[in-house]
Amino acid sequence: MPRHIIGIDVGGTFTDCAVLKDGAVIATAKSPTMPGAIDEGVMNALAVAAEDLGLSLREFLQGAESVTHGSTVVTNAIVERRGAKTGLLTTMGFEDTIIIGKAIQKAAGLSERELTNQAGLRNPVPLVPRHLIRGVTERIDRDGDIVAPIDEAQAIAALDDLVAQGVEAIAVCFLWSFVQARHEQWLVETCRARHPGVYVLASHEVAPLLGEYERTSTTVLHCYAGPAVIAYLGRLEQKLAQAGYDGKLLIAHASGGVTTVGDILRKPLLMLDSGPASGVVGARRFAAVGGQNNVICADMGGTTFDVAAIVDGGFLVEEEPVIGQYHYLLPKIAIKSIGAGGGSIVWSDVGVIHVGPRSAGAEPGPACYGQGGQAATITDVDLTLGFLNPGGFLGGRKLLDEGLARDALQRVGDQVGLSAVDVALAAFTVVNAQMADLISRTIIEQGHDPRDFALLAYGGAGSIHVAYLAQELGLSTVYVSPSASVFSALGMLCGGVTHLTQRAVTLRSPFDSGADDQLAGALAELRHELTASFSQEGIAPGEIAFEPTVHIKYATQPRAIAVPVADWLATPDPGLARLSGQFEAAYSKILGEGSGHALAGFEITKCSVTGQARNLADISAAPADRMTTRALTTTLQRKVRFPDMAQAVDCPVFRGGDLRSGDQLPGPCIIDRMGDTIVIPAFAVGRIDAVGNVVLELENGQ
Amino acid sequence: MTVDLVTYEVLRHRLWMINDEQANVAMQVSGSPVVYETKDLSSALMNPDGDGLFVSAHASRLALCTQYVAKTVIERFAGQPIRPGDAFITNDPWAGAIHQNDVAMVAPMFWQDTLVGWTGLVMHEMDVGGATPGGLSSGTADVFAEGPLIPPVKIVENWLLRPDLEAWAIRNSRTPLLNGLNLRGRLAACRRTQERFTQICARYGADALLAVQSEMIDRTREAIRKRIAALPDGAWRAETLLDHNGVDDIAYRVALTLSKQGERLIFDFEGTDPQAAGGINCTEIGLESGVVGSALTMLCYDLPWSTGALRPLLEVRSQPGTINNATHPAGVSHGTVAASRATAHVALAALSKLCALSSGGLASQVEANWTAGYQGMTLNGVDKEGEPFTGVTLDQPGGGGARIGSDGLDTGGVPGGPTFGTTNVETYEKIYPLLYLYRRQAVDSGGAGRFRGGVGTELVVTPHKLAAPLSVTVVSHGAKQPEAGGLFGGFPGSVQVRLLMTETSALEQFKAGATPNDISKEFVRSATRLPAKARLGLREGEALLFVRGGGGGVGDPLERPIPAVVADVQSGLVSKEIALTLYGVPVAGDAGTLDERTRHQRDLIRAGRGGASPGAAPGAGVEAFNLDGRSEITTAYAVEVSASATLIRCRGCGLQLAHSPADPKVCLEETKSPIALASPWNVYGDTEHVELRQYACPRCHRLAGVDARRVEDETLFDFSYVHE
């Protein structure tokens, strides 16, 4: 008998759960995230899902084939600086490398808007205080030649001293270790032998790439998060076992896919941002099922609006992401954010209505929450315009006060001589335009036209605004998933076990005759490395899809472009000239015709291989015979002020649970669901597709 | 046409994003680390008249360039057709660039046949030709010996680079491939912006776009005007020295009096030295850029950087023929890092003194000066593959100035360049025949203060696996005098240091299994101070030591909390000696508790402050004063305004110091000391003629000002508050 699989995602406010069987969602559940006891919140959400299915928690877990998990535990440890007491051993004379941080940490993660405030720039609170950084006498040069051998006695003294200071983790990073790892290897082996209780990682193990700041920072971040992750996953595994689960715990990661607990213990940073990334993995699956190659993923939550893209069926990757003002070398799914969410504050300045980036957050929250918030927010706007049902927010668990919302908006209006409704209309248009601007920038920066994309909305607040976003962008189709409010938990069930490995390889044109063999050899080694990891997990090579990639740039440029090379490798006697050609084509696609400059020469900087085992679940379109057409009516309605209509109208309202595949919903109308509200304006027509998506077709566009 | 306020806000946000986006496109294409790491570039959107709507935040010193270039093109190409798909370049400092390395491209933006704006990018090129590799001329007297000037020329038609003009534009460069790549970066950016303008016009119409542009300039100007008007009237002064003109080791003064009158700011550079017979001058464009760049940083921290809105509110007074308003054929190749930089430096110092008196948000923007002077080297030689190369090292971040309420940024980078980044040691060792012995934060380089100036960088490099002799050009400022002055009793940061060590034992030490990482450990047998401009050959076994200066401090260092001083000592940012002599914290010692030792030491230091006042006797002429009006407080002074007078008191003890408009310094006690007191690095500067002057309250001995001045210089009276 086929068993179900469980995805469980810890977010800032809620812990979400999705349960799949036979490729279909059989249950979803939400439970509050418990700060300080995240694993408790996880067990609570599992219990809610079990109850929903009429099972005991034990029956529910015993019947599960796998549990896949994503959590903010690493993000919290780093951002709140609650990670392990960490020491750093590095090449003597370069102890300050991670403190100087290339002088870029002060601006890391800031938007262009924040950069103009010079006196507001701050260096990060250090992950490793200066007195826990020790220099080791040793030096290797760029060719891997040993300029000064490691002083073993001095190194051991430094190591023992750090342990005596009570460090729980030690990062080891020497100059040029990715070319010659001998010194680092000796020191981590020595440390593991002398101090088996200390969590230790060397930079060549986690990021064998050029650039000592980023390599050090990556190693330190892994170490800083490591002990917290070990403790957390240990507790969770124990709780699951006590509750009757005897299967494998899989962990969602930000590179897009899932992995084993063992892999996470070696590279804890993989867990960073795994929730938002899982949403994008879900979107990729959604795109594949729906035959859509290009999808914009729009996730509007309480404080931020996140945008990612599926382009040609794959997601975009960020090579050097930032967390807590530290850079790290671990490719992750690229997601862009602006401060535009339900909590974003509406304000005015010399007669103009602005929205955000400040947010009222969860406390005090929007004015309509009645928790003392005085500032008008986008949630207050959505309520005042009639889009939100005051009694139906979060399934009726939160009552919204229309009077407080209107008063807050009127306070803004008094400054500019507008009514509360006019302020709401202006703010609604302004915030939509800001979200649309982020989307166009994300898509256009990749050399694409947003109009060639479908829009997929998820997150609690997005589906009210999405039709207007699409109109502003000139898009014709919008999808809202039936599981939009637990989309990350669902998304982590849409991928498979995925590993990525990468290595610095420097090759410059004109390429030597042996260069292509050298490249192919490096890729083969990486693939071999991955095969070994998979086989430890019981996954045979035949079940793995490998994606080899080579990073190429014009010789002097800073950033390389990832060029997929599976086809290139399959060609007999391929030659690097062909690879350069592939790079130039990809380059001019992104940056525009005529931006290439072959005269400047080419440089290969690194190669990487991703391996993905088969998907956890086979999610596909449900059979078409479930589709029926019927005349749909509703007796529910509420007064809604659509921005595109001259005045408020009595708008039909449908309950999500009453809708079936095949239903047609001409705008204007509204769908109230358990976790969200979908607004279908007059310029759009809604329908429910075979798998339960609400699809909006816009008359559009420009 | 007028535009509704919602459309206004929608398009305003969109244009802002487009300007950020085009800078990113250019950086992604650029192959020059000066662009993609140091972020020495600026992008701007302009209206059809060439007035700036948005300037990117990367390098505020370049903020005005594109606007200038667009206006020059509009003027010089009047009567000739300007069509969609055209773009123009120039590097001429009399046409919009600051020095020849800044190559600017501007392009008209069209909707059908209507001109709807301009866009532009200026980016620093690694080399544009001329006698000295890298372009910062050494040993040449005028512009004819520097990188060739490219007056505005239409290099792009129908969005295609004209091959003949491209060849001409890069022919003189030692790095033609980089320059070619950068040309394509600018072109890709301008073209992207045209696409985005087309989308806007298709959706909203060209009229709406134009209406939003003028509305935006009006509204931003109004917001800045209000900010200025709310500041007190008066005059504030700042001065700095430029080192070495590239030929002779002469110092030049840049002097500024900033007057605030009603809604206007007047920047008067009277007292600035005549233009130099070398490359350190800048043109009027460099002068205005320096002023505008600092005013944007200070006044527009949360407003769009719209030069079109700001510029008309500022008046700049300067004599042509002076060092920051040089006339052709003065040498200007160092412009950005010399006279223009110094202009921005004094402008920020004077604006900080003024804005410290703000009762609004501007006080939070006050910073003591950062170390402004560039210091780096240009390398020229043969790489291990036998190919000639020219490269620049830019890995010495300076220290940020302290703020009122927090310390300056340690190894913060450059002022006005928030995205400036340095380069990994591994990146330089990979492409240049160098080995770094160490690179770290420079102890004692930040100015002491209640809030400490950020520290700079210290490093030593030695040639490694040389294929052929290495030619090195060293360029610096802040060698004779610490550039980053303190504020309100804070000390200046250190000077910048360049030492050539010809007989090092570094290699032997490596072989013996030691890491040579401290110059005091006698691995230097000979060290020569290099002047602020030097060109030399470097051989294996020799080494260069650099120290990049730190930022200025804010407030009397004797008021810095003891734990903060102890933490600085533990982190290697402040030495025990400076902790004792400037902060009065005897970290090491056995008599009594640290608190007791500190109290005793601080009393001793206060007792040593004293001496004659530069003006009248303390309190002379000050009548009894009843506070019946405003009271504004800076870190140093309490300013009290009543109907009849404005009075300035010591913030520490309340002693009446002066009536407006007299500078309170006339009543403070002056103590002169050798400049080495402020930082041990200062003995490595050419500082024989420079002294430290401390100004303390005659009653409580609280420091209200610290100046580094040449011995012959008069007292810098820098604070003149006009009673309204």
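Hi everyone, let me start at a loop in chain A: A:Pro668 sits there, between strand S31 (664-666) and strand S32 (669-672). I begin with this proline for its backbone, since the peptide bond from A:Gly667 to A:Pro668 is cis, with omega near 0°. Please keep in mind throughout that this is a predicted model.

Chain B has a cis bond to show you as well. There, B:His328 and B:Pro329 are joined by a cis peptide bond, with omega about 10°. B:Pro329 belongs to the loop that runs between strand S11 (314-317) and helix H9 (339-355) of chain B.

While we are on backbone geometry, let me stop at two aspartates in chain A. A:Asp22 is not a glycine, yet its phi is positive, about 55°. You will find A:Asp22 in the loop between strand S2 (14-21) and strand S3 (24-32) of chain A. Is A:Asp22 buried or exposed? A:Asp22 counts as exposed, because its relative accessibility is 63%, and the cut-off for exposed is over 50%. The other aspartate is A:Asp312, again a residue other than glycine with a positive phi, this time near 50°. A:Asp312 lies in the loop between strand S14 (305-311) and strand S15 (314-315) of chain A. With a relative accessible area of 56%, A:Asp312 is exposed.

Now to a helix. Helix H17 of chain A covers residues 515-536, which is 22 residues. From its first C-alpha to its last it reaches 32 Å, close to the 32 Å expected at 1.5 Å a residue. Which residues of H17(A) are buried? They are A:Ala515, A:Asp516, A:Leu519, A:Ala522, A:Leu523, A:Leu526, A:Leu530, A:Thr531 and A:Phe534. As a reminder, an α-helix has 3.6 residues a turn, so residues three or four places apart point the same way. And what do the buried residues of H17(A) pack against? Their partners in chain A are S25, strand S26 (544-554), helix H18 (566-570), H19 and strand S28 (602-615). Just after H17(A) comes A:Gly538, with a positive phi of about 80°.

Let's move on to where the two chains meet. On the chain A side, 79 residues are in contact with 86 residues of chain B. Between them the chains bury about 7,300 Å², and 53% of that is on carbon and sulfur atoms. In chain A, the residues that lose the most area to chain B are A:Arg113, A:Gln118 and A:Arg142, together 10% of what that side buries.

How many salt bridges are there between chain A and chain B? The count is ten. For a salt bridge to look at on screen, try A:Arg215 with B:Glu426, where the closest N and O atoms are 2.8 Å apart. Across this interface there are also 39 residue pairs in polar contact, both residues at pLDDT 80 or more. Several elements of chain A give two or more residues to the side that touches chain B, including helix H4 (97-100), helix H5 (112-115), helix H9 (212-242) and helix H14 (420-444). H14(A) supplies the largest share of that side, eleven residues. By type, the residues on the chain A side divide into 35 nonpolar, 20 polar and 24 charged.

Two residues let us see the interface close up. A:Ile104 is in the loop between H4 and H5 of chain A. A:Ile104 counts as buried because its relative accessibility is 18%, and buried means under 20%. Beyond its neighbours within four places in sequence, A:Ile104 is in contact with A:Tyr213 and A:His327, and with B:Thr419, B:Phe420 and B:Gly421 from the other chain.

From chain B, take B:Thr411, in the loop between strand S13 (388-393) and helix H10 (425-431). B:Thr411 is buried at 1% relative accessibility. Its side chain makes a polar contact of 3.0 Å with the side chain of B:Gln441. Leaving aside neighbours within four places in sequence, the contacts of B:Thr411 include A:Ile100 and A:Ala103 across the interface, and B:Pro397, B:Val455 and B:Thr457 in its own chain.

My last stop is B:Gly493, in the loop between strand S16 (470-476) and strand S17 (497-501) of chain B. B:Gly493 is buried too, with a relative accessible area of 1%. Setting aside neighbours within four places in sequence, B:Gly493 has contacts that include B:Ser445, B:Pro482, B:Ala484 and B:Gly550. Thanks for listening!

Conventions. Residues numbered from 1 in each chain as written. Chains lettered and ligands numbered in written order. Predicted model: local features only at pLDDT ≥ 70, side-chain atom pairs only at ≥ 80, totals over all residues. Heavy atoms only, no water. Helix = DSSP H or I, 4+ residues; strand = E, 2+ residues; numbered from the N terminus. Buried < 20%, exposed > 50% of the residue type's maximum accessible area, 1.4 Å probe, protein only. Polar contact = N/O pair within 3.5 Å; in protein donor to acceptor, adjacent residues only side chain to side chain. Contact = heavy atoms within 4.5 Å. Buried area = accessible area lost by both parts, 1.4 Å probe. Salt bridge = Lys/Arg side-chain N within 4 Å of Asp/Glu carboxyl O. Nonpolar A, V, L, I, M, F, W, Y, C, P; charged D, E, K, R; others polar. Expected span 1.5 Å × (residues − 1).
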